[in-house]
Amino acid sequence: MSPIISIILVLLAPLIGGVLTFILKKSAVSIASLSIAFLTSMLLVFSSELVIAFEWLPGYELSLRIDAVASILIALVSFISLLVHVFSLEYMKEEQGKHRYFAKLGLFTFSMIGLLTADHLILLFVFWELVGLSSYLLIGFWYGKDGVPASARLAFMVNRVADVALLAGILILDFTGELSISAFDKQWLFLPSILIAIGAFGKSAQLPFSGWLTKAMVGPTPVSALIHAATMVTAGVYLLFRVAPFLHPAALMVIALVGILTAFYGALCALFQHDIKKVLAYSTISQLGYMVMGVGVGGADASLFHLFTHAFFKAGMFLGAGAIIHYLHQVSDKDPQDMRNMGGLRNLMPWTYRTFMMCGLALAGIPFFSGFMSKEGILIAGWAWAEQHGTWAYLVPDLGLITAFLTALYVGRMMLLVFWGEPRIAGFKTKFTEGFGFRIPLTILALGALWVFYSWSPFSHYSWLNALLPQGIEPVSDSASMIIMFLSILLALAGMVLAYSFFKPGSSYSSSYGKYEVERFRLALNGFLLVRSYEKIGSGIEQLSQSTFKVDQRVIDGTIHLLGVWTVVLSKIISLIDRFIVDGPIDLFGQISSFIGSRLASLSSRDSQTQLAWLVLGVILILTWILFL
C-alpha cells in the first residue's frame with residue numbers, strides 16, 4: 001500500500017464512516033470504518049516513516065508525517081475509538097440522535113489522528129482546533145438538558161483562551177522561518193516556549209485551566225472515555241513530547257512545577273467527590289499532571305509510556321462507569337452518577353466489577369499492573385532531575401509520591417463505595433445483563449491494564465514502547481531507583497488499606513455515606529472554586545465590557561456626535577459667510593463691471609466715422625487732463 005493511500009485511509013476513514021452513518025442511519029458503518037482505520041494503523045506501526053508534503057502558500061510547505069511515535073499513538077487512538085464505538089452501540093441504543101452522535105465521534109477521531117500526523121505547526125493548529133470543536137459538539141450532545149450548553153461553552157472557551165497563547169507562540173516561531181517539527185534544530189527562546197506550553201496546559205487540563213474537564217462530564221459517558229483516554233486531553237502531552245527537545249530550560253522547569261501541582265490538585269479533589277464521573281475526571285487531571293511533569297523533568301519517554309497505559313485503564317474505568325450509570329438509570333429515578341446511590345453492585349454487575357477493579361488497581365499504581373510501571377518511570381525521572389537542580393527540586397518527586405498515596409486512597413474509596421457493602425437505595429434487585437457490546441470493550445481494556453503486555457518484568461519501568469522513543473533523562477542509581485519503587489509501592493498499599501479501613505462494608509462511613517453531606521470538605525468538593533473563578537473572571541470581563549460600552553456610547557460616541565453637530569453648524573455658518581460676505585462683494589463688483597462693460601460696449605460702432613469721432617474725443621479729454629488738471 002502506498003504511503004499516500006495509507007495516510008489518507010487512516011485519516012479519512014473515521015470521518016467518512018461518521019458522515020455515512022448519519023446519512024444512512026446505520027451505526028454498523030461507523031464500526032466498519034473504525035475497523036479499517038485501526039487495521040491500517042497497525043500496518044503503519046510496522047512500516048517505515050511516511051511523509052506527505054504539499055505547498056499551501058508560497059514559503060509554507062505543510063506536511064503529514066508518521067514516524068514510530070505517531071504510528072503507535074494513531075493505532076492507540078483508532079483502537080480505543082473502535083472500542084468506544086462498540087460500547088456505544090449498546091449504550092446509545094435507545095437514544096434519539098444516536099446517528100448524529102456517531103457522526104460527531106467520527107469527526108473527533110479524524111481530528112485527533114490528523115493532529116498526530118501533522119508535522120507542521122500551522123497544520124497541527126488546524127487539527128488542534130478541530131479537536132476542540134468536535135469535543136464541544138460531543139460534550140453538548142444532550143443540548144436539551146439544563147446546564148449542558150453552558151458546560152459545553154465553558155469547556156470550549158477555556159480551551160480557546162489557552163489556544164490564543166499557542167497561536168501566539170507559533171507566530172513568534174514563524175519569524176525564525178521554520179515551523180516544521182521534524183526540521184527544528186535549535187533551542188527556542190523562553191517566550192515562544194512558554195506560550196506553546198500554555199496551549200498544551202489548556203488542552204491537557206493543567207492548572208489554571210483544569211476546571212473545564214469536570215464540566216465536560218455532561219456528555220455521554222463513552223465520550224468521556226474517549227476524551228480522557230486517547231484524544232483531546234492527551235493532545236497537550238503529545239505536543240509537549242514533540243517539542244520538548246527545543247523548549248527553553250526555564251520553560252521546562254515551569255512545566256515540571258505546573259504538572260506536579262496539577263497532579264496533586266487533581267488527586268486531592270478526587271478524594272472528596274460524590275459523582276463517579278467527577279472522581280474519574282479529577283483522576284485524569286491528576287494523571288495528566290504526572291505526564292506533563294515527566295516532560296518537564298526530562299522523562300518525556302516515560303510520560304508517553306504513561307499516556308499509553310493510562311489510555312487503557314482510564315477508558316476501561318469510564319466505560320465501566322457508563323455501564324453502572326446505564327443500569328442505575330433503569331432501576332432508579334435518583335442521580336445515577338452519585339455514589340451515594342450505589343453500593344453492592346459487584347453481585348449485580350460481575351463483569352463490570354472485575355474489569356473495573358483491574359483498571360482501578362492499575363490507576364492506583366499497584367504492582368503487576370501497567371499503571372505502576374509507567375508511573376514509576378516518571379517518578380524516577382523526577383528524582384534524577386531533582387538531583388541535578390538542588391534541594392528545592394525534590395519538591396517535585398516528593399509531591400509525586402504523596403499524589404501516588406492519594407491516588408490509591410481515592411481509587412480504593414470509589415471501588416468500595418460503588419461495588420461493596422449493601423445497596424444504599426431500594427431497587428437493586430435485578431442482575432444487570434451485560435451484553436457483548438459491554439463485555440468485549442471492558443475485557444480488552446482490562447487486559448490492557450496488566451503488566452505482561454509491556455514487559456516480562458512486572459517491576460520494570462521500561463517497556464517495548466520505550467525502545468521506540470528518544471531516551472529521557474539520565475537514570476538514577478539502582479539503589480535510588482529501588483528506594484523510589486519501594487516507597488511508591490508502600491504508599492499505594494497504604495492508600496488502599498486506609499481506604500478499606502474507612503469504607504469497608506459495615507463501617508460507619510460506608511453505612512452513613514448515603515446520607516453524607518459535605519461541609520468541612522466543600523472547598524475540595526468544588527475543585528477549590530476553580531470553575532467559580534472562571535465565572536467570576538467572566539463576570540468581571542462582562543461588567544468591564546458593559547462599562548466600556550457605556551463609556552463608548554455616552555462619552556466617546558456622545559463627544560463624536562456633538563463634534564459632528566458643531567461641525568455641521570460651523571460649516572453652515574462658514575457657508576453663509578462665504579456666500580454673503582466673501583462671495584457677495586466680489587459678485588457685486590463683477591456685476592457692476594459687467595454692467596459698465598455692457599454699456600460701454602453699446603457705445604462702440606463698426607463704422608469708421610464714429611470711431612474717428614470717439615478717438616478725437618478721447619484725445620481732447622487726455623489733452624485737457626494734461627494741460628489743466
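Here are some short exercises, each with a worked solution, on a predicted model.

**Exercise 1. Find how helices α13 and α15 run relative to each other, and which residues join them.**

Step 1. Start with the geometry: two packed helices are described by the angle between their axes and the distance between the axes.

Step 2. Helix α13 covers residues 300-331 and helix α15 covers residues 370-389; their axes come within 8 Å and cross at roughly 155°.

Step 3. Angles over 145 degrees count as roughly antiparallel, and therefore α13 and α15 are roughly antiparallel to each other. The crossing of α13 and α15 is also left-handed.

Step 4. Now look at the contact. From α13 come Ala302, Ser303, Phe305, His306, Thr309 and Phe313, while α15 supplies Ser370, Gly371, Met373, Ser374, Lys375, Gly377 and Ile378. Sorted by class, the residues of this contact are 5 nonpolar, 7 polar and 1 charged.

**Exercise 2. Repeat the analysis for helices α4 and α9.**

Step 1. Helix α4 (residues 98-117) and helix α9 (residues 221-229) have axes 12 Å apart and pack at an angle of about 0°.

Step 2. That makes α4 roughly parallel to α9.

Step 3. On the α4 side, find Tyr101, Leu105, Phe108 and Thr109; they meet Pro222, Val223, Leu226 and Ile227 of α9. The contact of α4 with α9 has 7 nonpolar residues, 1 polar residue and no charged ones.

**Exercise 3. Classify two aromatic pairs, Phe184 with Trp188 and Phe308 with Phe312.**

Step 1. The structure holds 25 aromatic pairs. In the pair of Phe184 and Trp188, the rings are 5.1 Å apart centre to centre, with 85° between the planes, and the pair is edge-to-face.

Step 2. Check the surroundings of these two residues. Phe184 counts as buried at 11% relative accessibility, and Trp188 is buried with a relative accessible area of 6%.

Step 3. Turn to Phe308 and Phe312: here the centres are 5.7 Å apart and the planes 50° apart, and this pair is tilted. Both Phe308 and Phe312 are buried.

Step 4. Place this second pair along the chain. Phe308 and Phe312 lie in helix α13, 4 residues apart, about one turn of the helix. An α-helix has 3.6 residues a turn, so residues three or four places apart point the same way.

Step 5. Finally, follow the rings outward: ring pairs link Phe308 and Phe312 into a cluster with Phe38, Phe79, Phe305 and Tyr454.

**Exercise 4. Decide whether Ser27 and Ala53 are buried or partly exposed, and list what each one touches.**

Step 1. Buried means under 20% relative accessible area. Ser27, in helix α2 (residues 27-45), has a relative accessible area of 12% and so is buried.

Step 2. Not counting residues up to four places away in sequence, Ser27 touches Thr21, Leu89, Lys98, His99 and Phe102.

Step 3. Ala53 lies in strand β1 (residues 50-57), and at 44% relative accessibility Ala53 counts as partly exposed.

Step 4. Leaving aside neighbours within four places in sequence, Ala53 is in contact with Glu61, Leu62 and Ser63.

**Exercise 5. Work out how many residues of helix α10 are buried.**

Step 1. Helix α10 takes in residues 232-243, and 12 of its 12 residues are buried, so α10 is largely enclosed by the rest of the structure.

Step 2. Among the buried residues of α10 are Met232, Tyr238, Phe241 and Arg242.

How values were computed:
Residues numbered from 1 in each chain as written. Predicted model: local features only at pLDDT ≥ 70, side-chain atom pairs only at ≥ 80, totals over all residues. Heavy atoms only, no water. Axes fitted to C-alpha atoms, helices over the stretch in contact; angles between N-to-C directions. Helix = DSSP H or I, 4+ residues; strand = E, 2+ residues; numbered from the N terminus. Parallel < 35°, antiparallel > 145°, perpendicular 65-115°, else oblique. Left-handed = near helix turned anticlockwise from the far one by under 90°. Contact = heavy atoms within 4.5 Å. Nonpolar A, V, L, I, M, F, W, Y, C, P; charged D, E, K, R; others polar. Phe/Tyr/Trp six-rings, centres within 6.5 Å; stacked < 30°, edge-to-face > 60°. Buried < 20%, exposed > 50% of the residue type's maximum accessible area, 1.4 Å probe, protein only.
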